[in-house]
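Dear colleague,

I am passing on the structure we spoke about, and it is shown just below. After it you will find my notes, arranged by region so that you can follow them with the model open beside you.

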Amino acid sequence: MSHAEDNSLSFHKEEQQIEFSGHLLKITTFKGAYLGVSAFVWEPGLVLCRYFENEKINFTGKKMIELGSGTGIVGILAVLLGGDVTLTDRPCVLEQIEYNVSANIPLRCRHRSKVSALAWGTDQDTYPSDFDFILASDVVYSPTQFPDLLRTLLHLCNEKTTIYMCSNMVAREGAINFHQELLPELFNSELIHTYRSNCIYKMTKKQTLARGISF
Ligand SMILES: C[S@@+](CC[C@H](N)C(=O)[O-])C[C@H]1O[C@@H](n2cnc3c(N)ncnc32)[C@H](O)[C@@H]1O
């Protein structure tokens, strides 16, 4: 049996509901659709959403992009908090994100959301570098991808861009090395919140790099 046939037989949707900032999010994962890690709501995403709620963060008028959206939960909340958000991931994940965008973002604000493919290290040059915020939860787990992830972050940033990144420092291979050794060479990084082994970092591109570097 080919993967395509198997996919149509075993694929099913699972919904979970979580409330943030007064919005009851209904997040569906496509189980059995070969999405791998994308078919889960991961704790770093939840921790980042709860942080936005607790800090009463308002993204009104802000141009934002999310990397490795997975289910889209963080990017969706950012839209509901006023942002103009591009949710990105690998092409195979976009249908799941679009499903959750449709289920959670009312039509009146749907124009502030966009879902599109961004494979790190490959697609970033097709995106602008004028984002106010970059969001990235649980994207630090595969050391072979770290150079591409850094290259992507560098491209999307200008000197005014703020990055919120939440990583599981214990469960994910290389996360400590990424945040404590690799990132600080390129970004100013401040640890702003910890929940269990999840750390939220607020980052900006180093000024010396802001006018373009080769990496
Ligand atoms: C562990 S999941 C986290 C999903 C979501 N951000 C969350 O917190 O629940 C990591 C996500 O990064 C995406 N990803 C991994 N490698 C990628 C790459 N090279 N380019 C783009 N996205 C990638 C995966 O497809 C997946 O959706």
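To begin with a single residue, does K26 count as buried, exposed or partly exposed, judged by its C-beta neighbours inside 10 Å? Please keep in mind throughout that this is a predicted model. K26 has 13 such neighbours and therefore counts as partly exposed, since the buried class begins at 20 and the exposed class ends at 12. The residue is found in strand 2, which spans residues 23–31, and, leaving aside its neighbours within four places in sequence, K26 is in contact with E15, Q17, A103 and N104. The C-alpha atom of K26 is separated by 24 Å from that of L118, which is 92 residues away along the chain.

Next comes the sheet. It is an open sheet of 7 strands in the order 5-4-3-6-7-9-8, and the pairing is mixed. Strand 5 (113–117) and strand 8 (187–195) stand at the edges, and because each has a single partner strand, one side of each is left without a neighbour in the sheet. On average, and with direction ignored, neighbouring strands of this sheet are turned by 20 degrees against each other. Helix 2 (residues 43–54) packs on the sheet, where it touches strand 6, strand 7 (162–168), strand 8 and strand 9, and the direction of helix 2 makes about 135 degrees with that of strand 7.

Strand 3 deserves a closer look. Of the 5 residues in this strand (residues 63–67), 4 are buried, so strand 3 is largely enclosed by the rest of the structure. It pairs in the parallel sense with strand 4 (residues 84–89) over 4 bridges, and K63 has D84 as its bridge partner there. Between these two strands the chain passes through helix 3 (residues 73–80), in a β-α-β crossover that is right-handed. Strand 3 also pairs in the parallel sense with strand 6 (residues 133–137), again over 4 bridges, with I65 standing opposite I134. As for helix 3, 8 of its 8 residues are buried, among them I73, G75 and L80, and just after the helix G82 takes a positive phi of about 110 degrees.

At the other end of the strand order, strand 8 and strand 9 (residues 198–205) run antiparallel and are joined by 8 bridges, with Y195 paired to N198. The loop between these two strands holds R196, which has a positive phi of about 50 degrees although it is not a glycine. Most residues other than glycine have a negative phi. R196 counts as exposed, because 11 C-beta neighbours lie inside 10 Å.

A second residue of this kind is D138, whose phi is near 55 degrees, a positive value in a residue other than glycine. D138 lies in the loop between strand 6 and helix 5 (146–156), and this residue is buried, with 26 other C-beta atoms within 10 Å.

Finally, the ligand. There are 20 residues around it, of which S38, W42, G45, G68 and G70 come nearest. Sorted by class, this shell has 9 nonpolar, 8 polar and 3 charged residues.

With best wishes

How values were computed:
Residues are numbered from 1 along each chain as its sequence is written. This is a predicted model: local features need pLDDT of at least 70, side-chain atom pairs count only at pLDDT 80 or more; totals for chains, interfaces and linings use all residues. A residue is near a molecule or strand if its C-beta atom, placed from the backbone, lies within 6 Å of it. Ala, Val, Leu, Ile, Met, Phe, Trp, Tyr, Cys and Pro count as nonpolar, Asp, Glu, Lys and Arg as charged, and the others, Gly among them, as polar. Two strands pair if DSSP finds at least two bridges between them. A crossover is right-handed if, with the strands pointing away from the viewer, the path from the first strand over the helix to the second runs clockwise. Axes are lines fitted to C-alpha atoms, for helices over the stretch in contact, and angles run from 0 to 180 degrees between N-to-C directions. Two residues are in contact if their C-beta atoms, placed from the backbone, lie within 7 Å.
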